[in-house]
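User: Could you take a close look at one residue in this model and explain, step by step, how it sits among its surroundings? I am in my first year, so please go slowly and spell out the reasoning.

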Amino acid sequence: MKKIFVLLAALIMIGNGAIAQKKAARTATTQTQPVNSLAAQPVPAAGQKLKKDGTADMRYKANKEKKAVPGPVKKDGTPDKRFKANK
């Protein structure tokens, strides 16, 4: 009796796992109008290199901006968090 109960429980668990793996049926999609890709592209600043998708390419030094720190800085240039202006 124990073997039958274990076999039945295993079959139920395998069956539930198989049902969970099925993909849902795809619903109808709405049609969208194509967007003019030339109008949506940003204009790069002088000396700025862009990737194919139009974002700045951070491999180039011209695209890396350093933010000015309002308070005192450490020797390596990072803000000193001991001061209220940098917190």
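Analyst: Once its neighbours within four places in sequence are set aside, Asn63 is in contact with Gln48, Lys49, Ala56, Asp57 and Met58. Please keep in mind that these contacts belong to a predicted model. As for its place along the chain, Asn63 is found in the segment that follows helix H2, which covers residues 37–40, and the protein as a whole has two helices and zero strands.

Two of the residues in that list also meet Asn63 through polar atoms. The side chain of Asn63 comes to 2.8 Å from the backbone oxygen of Lys49, while a polar atom of the Asn63 side chain lies 2.6 Å from the backbone oxygen of Asp57.

Next comes the question of cover. Asn63 has a relative accessible area of 5%, and because that value is under 20%, the residue counts as buried. In the protein, buried residues make up 7% of the 87 residues.

Lys49 deserves a second glance, since its backbone oxygen is the one reached by the Asn63 side chain at 2.8 Å. The charged end of Lys49 sits over the ring of Tyr60, at 5.7 Å from the centre of that ring, whereas aromatic pairs in the structure number zero.

Finally, a wider view helps to place this part. Among contacts in the protein between residues at least 6 apart in sequence, 0% join residues at least 24 apart. The protein exposes about 9,000 Å², of which carbon and sulfur atoms supply 61%.

Technical notes: Residues numbered from 1 in each chain as written. Predicted model: local features only at pLDDT ≥ 70, side-chain atom pairs only at ≥ 80, totals over all residues. Heavy atoms only, no water. Phe/Tyr/Trp six-rings, centres within 6.5 Å; stacked < 30°, edge-to-face > 60°. Lys NZ or Arg CZ within 6 Å of the ring centre and 35° of its normal. Helix = DSSP H or I, 4+ residues; strand = E, 2+ residues; numbered from the N terminus. Buried < 20%, exposed > 50% of the residue type's maximum accessible area, 1.4 Å probe, protein only. Contact = heavy atoms within 4.5 Å. Areas by Shrake-Rupley, 256 points an atom, 1.4 Å probe, with all protein chains shown as cover. Polar contact = N/O pair within 3.5 Å; in protein donor to acceptor, adjacent residues only side chain to side chain.
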